[in-house]
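Please find below a briefing on one helix and one strand, together with the strands that pair with the latter.

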Amino acid sequence: MQGRHNTPDHNPAEPTLYPGQGSLAEGSLGSPTRKRRRWLRVGILVVAAVLVGVLCFGGYWLWRLQSNISTGSLGAGGTRTEGAVDDRKDRLQILVLGSDTRSGKNSQYGTADQSSGYGQSDVLMLVDISADNQNVNVISFPRDLLVDVPECTDQETKQQHAAREGVMINSAMAEAGIGCAVDTVSKLTGLEVDHFMMADFNAVKELSTTVGGVDVCVNSAVNDPDSGLKLPEGTSQVQGDQALAFLRTRHAFADGGDLGRIQAQQAFLGSLTRKLKSEGTLSNPQKVLDIADTMTKNLTVDTGLASVPSLLSIADRLKNIDPAKVNFITVPTVPAPSDPNRLALDEPAAGNLFSALQNSADLSKGAPAQADQSTAPATPSYDKSLQPVSVANGTSVAGRSNAIADTLTAAGFTMITKLQAQPAPTTVVYYQSGFEDVAADVAALFGLPASSIQPASAIQGVQVYAGEDFASGDKPTPAPAQGNIGAQTANDQTCQATNPAG
């Protein structure tokens with residue numbers, strides 16, 4: 001009888017086989033391949049989640065920036081002769097305006113009755129970008145410049161405003177909206193403005209703070225109670241209210257007028273440009289978003305520029321431009337004959353500037369060649385000996401009218417009357433209606449620009465009102481031009497001359 005120990009030999013080291021026992025099938029829960037695939041799926045989910053987050057983040061910022069933008073009409077009914085431009089590659093003219101409105105967030109700078117509604121364009125700069133992105137011209141127009149404003153239709157109210165002559169350029173926007181300022185600058189320069197951007201006081205405060213301050217320099221300490229600007233001599237960093245005060249002050253710089261303020265504004269923009277370029281701000285995504293958010297919250301643009309992609313295309317064109325190729329130019333001006341507290345275009349310098357710009361964004365090419373005008377002057381259609389011409393002595397030299405009258409007589413004007421008049425700084429030729437051609441010839445005789453010829457109803461014929469600029473010599477002494485081409489670039493680090501009387 002065999003017992004249990006008489007069974008075949010059993011090796012306890014060998015595993016006992018059982019149904020289903022064997023190697024794990026490929027793809028089962030514990031296999032290495034299945035583990036790899038599980039982590040692959042997890043990885044895909046993580047990447048997808050990140051992409052969704054990025055897209056949501058980008059979508060949020062796109063929505064936020066787009067919803068920030070305010071828009072307005074580009075023009076005010078003026079005729080345009082040029083077609084639409086391609087913002088990515090064509091030459092562009094963008095009118096940048098600074099509004100002095102005290103509405104909304106700007107109420108702390110005054111009351112609404114000082115400047116409500118559209119406000120006045122107390123900063124007016126035409127930014128001219130060349131097609132090859134190699135040259136940028138920033139042309140400043142003084143707020144006190146007297147110009148002719150064309151007929152404008154307010155695009156919001158549809159109210160029509162008649163054309164006006166000899167009014168301050170900043171009044172165009174105040175009366176009929178941003179589009180009227182655009183049409184005025186287009187008419188004045190002969191360059192059709194393609195876009196506009198308008199900012200207010202708050203934009204300067206927030207942008208200067210967002211970028212961490214802007215360096216400015218003054219040649220002596222400034223303490224201007226009107227604007228609140230307080231700076232020590234030398235270089236300081238300004239932001240917020242002090243940055244706004246630096247740009248707004250009229251009394252602290254130069255002779256306390258608008259031209260000194262323009263120079264300070266140009267220096268500030270140059271310093272800001274250098275800061276953005278040198279510190280790599282534009283390569284920092286978060287900084288770029290912060291700047292974009294600040295600007296779009298405080299910016300009004302024309303409908304053609306009212307999208308984030310459009311604004312980015314402009315920014316993309318500007319980001320690589322050499323600051324030395326950014327020219328800040330103030331339109332050449334002289335004191336206005338009608339009001340020494342206002343400015344008039346200095347001709348022919350202003351006309352030459354506009355001609356050069358019409359020809360090319362590269363001002364080194366100069367104005368287009370003028371046709372030869374050396375032919376003999378046309379014979380006037382009137383008899384000079386019959387034209388009543390008076391000479392009013394507004395100089396400090398007694399009997400000065402005699403020498404001026406002699407010049408007129410030698411030219412054929414023999415009906416001369418001489419008068420003693422109140423002192424005047426500059427010489428003006430006044431004319432009665434119907435004597436425009438005589439006045440033009442008299443002005444040309446003394447080398448006076450067209451801007452010195454003014455209508456007047458209280459005189460007979462034509463009157464030469466001699467000012468202190470005509471106290472000697474055969475022609476009045478030209479007033480120094482108060483603006484010039486290429487006065488400074490964004491690469492220049494300038495200190496502002498302060499006003500001793502400020």
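Which residue stands opposite Leu 299 in β14? Ala 199 takes that place. The model is predicted: local features need pLDDT of at least 70, side-chain atom pairs count only at pLDDT 80 or more, and totals for chains, interfaces and linings use all residues. Residues are numbered from 1 along each chain as its sequence is written, and side-chain values use heavy atoms, with hydrogens and water left out. Helices (H or I, at least four residues) and strands (E, at least two) are DSSP runs, numbered from the N terminus.

**Strand β9 and its partners**

- Strand β9 covers residues 195-199, and 5 of the 5 are buried (under 20% relative accessible area, 1.4 Å probe, protein chains only), so the strand is largely enclosed by the rest of the structure.
- His 195, Met 197 and Ala 199 point one way from β9, while Phe 196 and Met 198 point the other way.
- Strands pair if DSSP finds at least two bridges between them; β9 pairs with β2 (residues 92-99) in the parallel sense over 5 bridges.
- Ala 199 in β9 is the bridge partner of Gly 98.
- With β14 (residues 299-302), β9 pairs in the antiparallel sense over 3 bridges.

**Helix α3**

- Helix α3 (residues 178-189) has 12 residues and reaches 17 Å from first to last C-alpha, close to the expected 16 Å, which is 1.5 Å times one less than its number of residues.
- Because 10 of its 12 residues are buried, α3 is largely enclosed by the rest of the structure.
- The buried residues of α3 include Ile 178, Cys 180, Val 182, Asp 183 and Thr 189.
- Gly 190, just after α3, takes a positive phi of about 80°.

Conventions: Buried < 20%, exposed > 50% of the residue type's maximum accessible area, 1.4 Å probe, protein only.
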